Amino acid sequence: MNMQTRQSAAYQGTTEDKWKSRWKDAEVKNAELVVDPTQKLPGFDFPRALWTATNRIRTANGRCNHLLHKWGMSESPLCGCGDIQTTRHIVETCPLTKFDGGLRGIHEGGENAIEWLENLDIRL
Ligand SMILES: [Zn+2]
């Protein structure tokens with residue numbers, strides 16, 4: 001699809017239609033978590049710190065050592081377990097911090113996810 005066609009397709013319909021169209025065409029990490037971008041996500045009513053941490057995990061942009069190192073704010077990209085500490089690593093694979101429900105479980109925002117976020121000693 002060329003740019004002209006893409007733009008005209010994106011600008012037709014209601015604002016919600018435009019939003020859905022743009023979401024579908026966007027390249028967003030973990031985009032599969034959001035089926036309909038016009039609907040509030042689980043945790044929308046969380047206290048701000050929890051809501052922020054949840055969204056940083058959803059978008060893989062938490063303040064993990066990998067990103068802090070990339071931005072010159074950490075001496076090492078490594079986690080306490082020795083692997084590269086990405087947001088996904090913290091949530092899904094780290095033997096020190098892993099959440100049993102994984103990324104999907106954090107996204108869904110149940111009681112276990114809230115407890116895990118509150119007890120995590122990494123401020124995402
Ligand atoms: Zn680790």
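## A helix with two sides

On one side of helix H3, Arg-48 and Ala-49 are exposed. That is a good place to start exploring this predicted model, so keep the structure in view as you read on.

Now turn to the buried residues of H3, which are Ala-53, Thr-54, Ile-57 and Arg-58. Because these residues cover an arc of only 140° around the axis, they sit on the same side of H3. Arg-48 and Ala-49 belong to the other side. What lies over the buried residues? The cover includes H5, helix H6 (102–108) and H7.

### The core

Two of the residues just named, Ala-53 and Ile-57, turn up again in the largest nonpolar core. This core has 11 residues, and its other members are Cys-64, Cys-79, Ile-90, Val-91, Cys-94, Phe-99, Ile-106, Ala-113 and Leu-117. Which helices supply at least two residues each? They are H3, helix H5 (87–93) and helix H7 (111–119). There is a general pattern to keep in mind here: in soluble globular proteins, nonpolar side chains tend to be buried together.

You can follow one set of contacts yourself. Leaving aside residues up to four places away in sequence, Ala-53 touches Leu-117 and Leu-124.

### Two residues with positive phi

Most residues other than glycine have a negative phi. Two residues in this model are worth finding for that reason, and the table puts them side by side.

| Residue | Phi | Location | C-beta neighbours inside 10 Å |
|---|---|---|---|
| Asn-30 | near 60° | loop between H2 (15–25) and H3 (48–58) | 15 |
| Ala-60 | near 60° | loop between H3 and H4 (65–70) | 17 |

Are these residues buried, exposed or in between? Asn-30 counts as partly exposed because it has 15 such neighbours. Ala-60, with 17, also counts as partly exposed. Along the chain, Ala-60 comes just after H3.

### The whole chain

Finally, step back and look at the protein chain as a whole. How many helices and strands does it have? The secondary structure comes to seven helices and zero strands, so from the N terminus on the elements read α-α-α-α-α-α-α. Along its principal axes, the C-alpha trace spans about 50 × 35 × 20 Å.

Of the 124 residues in the chain, 16% are buried. Contacts also reach across the sequence: among those between residues at least 6 apart, 37% join residues at least 24 apart. The contact between Ala-53 and Leu-117 is a nice one to look for as you explore.

How values were computed: Residues are numbered from 1 along each chain as its sequence is written. This is a predicted model: local features need pLDDT of at least 70, side-chain atom pairs count only at pLDDT 80 or more; totals for chains, interfaces and linings use all residues. Helices (H or I, at least four residues) and strands (E, at least two) are DSSP runs, numbered from the N terminus. A residue is buried if 20 or more other C-beta atoms lie within 10 Å of its own, exposed if 12 or fewer, and partly exposed in between; C-beta atoms are placed from the backbone. A nonpolar core is a set of buried Ala, Val, Leu, Ile, Met, Phe, Trp, Tyr and Cys residues joined through C-beta atoms within 7 Å. Two residues are in contact if their C-beta atoms, placed from the backbone, lie within 7 Å. The arc is that of the directions from the helix axis to the C-beta atoms.
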